[in-house]
Amino acid sequence: MKENQTFELVATAASGLEALVGKELRNLGIECQVENGRARFKGTMETIAKANLWLRTADRIKIVVGEFDAYSFDELFEKVKALPWEDFLPLDAEFPVAGKSIKSKLYSTPDCQAITKKAIVNRLREYYHRPASVPLAETGALFKLEVALLKDHVMVTLDTTGPSLFKRGYRLEKGGAPLKENMAAALVQLTNWRPDRPLVDPVCGSGTLCIEAALIGHNIAPGFNREFACESWDWFSDDVFEKVRAEADKAADYDVELDITGTDINGKMIDIARANAEEIGLGDSITFKQQALKDFKTDKEYGVILANPPYGERLGEEESVRRLYKEMGETFRPLKTWSKYILTSDLLFEEFYGEKATKKRKLYNGALRTDLFQYWGTRPPRKPRTE
Ligand SMILES: C[S@@+](CC[C@H](N)C(=O)[O-])C[C@H]1O[C@@H](n2cnc3c(N)ncnc32)[C@H](O)[C@@H]1O
């Protein structure tokens with residue numbers, strides 16, 4: 001495989017976040033099309049490295065090895081076998097095949113997986129001249145494949161990422177109900193926060209929202225502290241990651257002054273949040289302190305409050321959670337220049353907060369349907385022109 005080879009690629013994303021992934025790709029200078037659950041794009045090994053290192057809201061970067069329609073298992077077998085597997089998989093590759101099948105004639109996912117595996121094994125055996133009597137060793141690097149069928153259309157992909165991109169490598173402990181890091185980065189990007197404005201998370205838990213905001217504020221690549229599956233592949237150039245990491249190192253701006261604060265009623269959560277921020281070297285960029293939400297006061301202006309409070313999903317919690325929503329309304333409403341963004345699955349949130357949201361946005365927090373209730377503050381006055 002050559003460094004300038006072009007691959008068909010997808011960046012997978014949680015439902016509702018696809019457009020943000022598309023926007024992030026375009027900001028990296030990568031053209032893409034946004035589809036359900038993913039953004040599609042083309043690129044070289046450098047594009048793969050960049051996407052893995054820089055995408056804040058995606059789950060995984062996958063190479064589309066092949067795409068076709070299949071209505072019978074014979075057709076699936078032949079079309080998978082016709083793909084150039086020897087370009088991707090060395091003889092000792094470990095290559096588990098995951099699967100899914102939705103609204104397709106070939107509805108049995110385990111059968112689709114087994115047939116795909118068999119077709120690849122056959123192709124590799126023929127290419128490497130191995131007898132059918134000796135199983136392939138599969139003791140080498142990991143190449144995670146997936147065969148996904150949707151309305152008889154098959155997509156066979158190879159995962160370049162490894163553990164999902166939300167695993168940034170900074171979370172030592174997470175506490176109760178943490179947000180995934182890519183969801184937290186998406187929430188920050190859905191607000192009107194800019195690094196020169198104050199940002200407050202008054203129910204910060206393990207600090208994910210504050211840490212993701214600080215990463216954005218300092219322009220730090222979210223994948224800077226971790227490795228990716230494709231780095232262990234024999235054909236994937238080491239130089240590419242070295243170059244992309246060096247560029248990311250240069251792009252980070254640690255001198256930007258940020259005003260990011262996380263508070264939580266639970267002192268143990270504050271210790272966890274601090275430890276997580278220290279782990280990624282952002283200890284000085286975020287202030288964490290123990291405080292009950294109702295005690296939040298500020299004389300700053302044009303800030304952003306971003307909150308992921310408890311949702312009251314568990315039995316007996318509903319009443320205390322709704323009391324907290326009421327406190328939120330009483331505490332935040334007087335802050336006219338501040339914008340407030342609150343994520344909850346409680347459809348009656350506005351009633352308890354005491355005000356209709358300017359806008360709501362449906363989002364999935366894992367499997368849970370939630371809304372981001374948005375209350376926009378007044379705009380800062382335009383700065384007078386200097387010339
Ligand atoms: C869903 S968790 C936040 C998780 C966080 N976004 C993260 O990623 O770790 C909600 C947090 O609200 C805090 N909390 C509950 N009632 C509070 C109150 N009255 N004042 C401040 N924090 C409160 C809890 O201690 C908990 O850590």
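## Glu86 in a short helix position

Glu86 is found in helix α4, which covers residues 85-88, and the model in which it is seen here is a predicted one. With a relative accessible area of 16%, Glu86 is buried, because residues count as buried when that value is under 20%. Leaving aside neighbours within four places in sequence, the residues in contact with Glu86 are Arg123, Leu124, Tyr127 and Tyr128.

## Leu149 in strand β6

A second buried residue is Leu149, which is found in strand β6, residues 145-150, and which has a relative accessibility of 1%. Which residues does Leu149 touch, if those up to four places away in sequence are not counted? They are Lys100, Ser101, Ile102, Ser104, Leu106, Cys112 and Val154. The chain also brings Ala70 into this picture, since the C-alpha atoms of Leu149 and Ala70 are separated by 8.7 Å, although the two residues are 79 places apart along the chain.

## Two loop residues with positive phi

Most residues other than glycine have a negative phi, and against that background two residues of this model deserve attention. Lys103 has a phi near 50 degrees, a positive value, and its place is in the loop between β5 (97-102) and α5 (109-128). His129 has a phi near 55 degrees, which is also positive, and this residue lies in the loop between α5 and β6.

Are these two residues buried or exposed? Lys103 is exposed, with a relative accessible area of 67%, and His129 is exposed as well, with a value of 70%; the cut-off that applies to both is a relative accessible area over 50%.

## The open sheet

Seven strands, in the order β10-β9-β8-β11-β12-β14-β13, form an open sheet whose pairing is mixed. At its edges are β10 (286-290) and β13 (359-365), each of which pairs on one side only. On average, and with direction ignored, neighbouring strands of this sheet are turned by 20 degrees against each other.

Within the sheet, strand β12 (residues 339-344) pairs with strand β14 (residues 368-375) in the antiparallel sense, over 5 bridges. One position of this pairing can be followed by eye, for the bridge partner of Lys340 in β14 is Tyr375. Helix α9 (residues 267-279) packs on the sheet, where it touches β9 (260-264) and β10, and the direction of α9 makes about 165 degrees with that of β10.

## Helix α6 and its surroundings

Helix α6 (residues 181-190) lies across β11 (304-307), β12, β13 and β14, and it runs at about 170 degrees to β13. How many of the 10 residues of α6 are buried? The helix is mostly covered, with 9 of them buried, and among these are Met183, Ala184, Leu187 and Leu190. The cover over the buried residues of α6 includes the helices α1 (18-27) and α7 (208-217), together with the strands β11, β12, β13 and β14.

The packing of α6 with α7 can be described in more detail. Their axes are 8 Å apart and the angle between them is about 65 degrees, which makes α6 roughly perpendicular to α7. The crossing in which α6 passes α7 is right-handed. On the α6 side the contact involves Glu181, Ala184, Ala185, Leu187, Val188 and Gln189, and these meet Thr208, Leu209, Glu212, Ala213 and Ile216 in α7. By type, the residues of the contact of α6 with α7 divide into 7 nonpolar, 2 polar and 2 charged.

## Helices α2 and α8

Another pair of helices is α2 (residues 45-54) and α8 (residues 238-251), whose axes come within 9 Å and cross at roughly 45 degrees. Why are α2 and α8 oblique to each other? Their axes cross at roughly 45 degrees, and such an angle is neither under 35 degrees, as for roughly parallel, nor in the range from 65 to 115 that counts as roughly perpendicular, so the pair counts as oblique. The crossing in which α2 passes α8 is right-handed.

From α2, the residues that make the contact are Met45, Glu46, Ala49, Lys50, Leu53 and Trp54, while α8 contributes Val240, Phe241, Lys243, Val244, Arg245, Glu247, Ala248 and Ala251. The residues of this contact of α2 with α8 divide into 9 nonpolar and 5 charged, with no polar ones.

Technical notes. Residues numbered from 1 in each chain as written. Predicted model: local features only at pLDDT ≥ 70, side-chain atom pairs only at ≥ 80, totals over all residues. Heavy atoms only, no water. Pairing = 2+ DSSP bridges. Helix = DSSP H or I, 4+ residues; strand = E, 2+ residues; numbered from the N terminus. Axes fitted to C-alpha atoms, helices over the stretch in contact; angles between N-to-C directions. Contact = heavy atoms within 4.5 Å. Buried < 20%, exposed > 50% of the residue type's maximum accessible area, 1.4 Å probe, protein only. Parallel < 35°, antiparallel > 145°, perpendicular 65-115°, else oblique. Left-handed = near helix turned anticlockwise from the far one by under 90°. Nonpolar A, V, L, I, M, F, W, Y, C, P; charged D, E, K, R; others polar.
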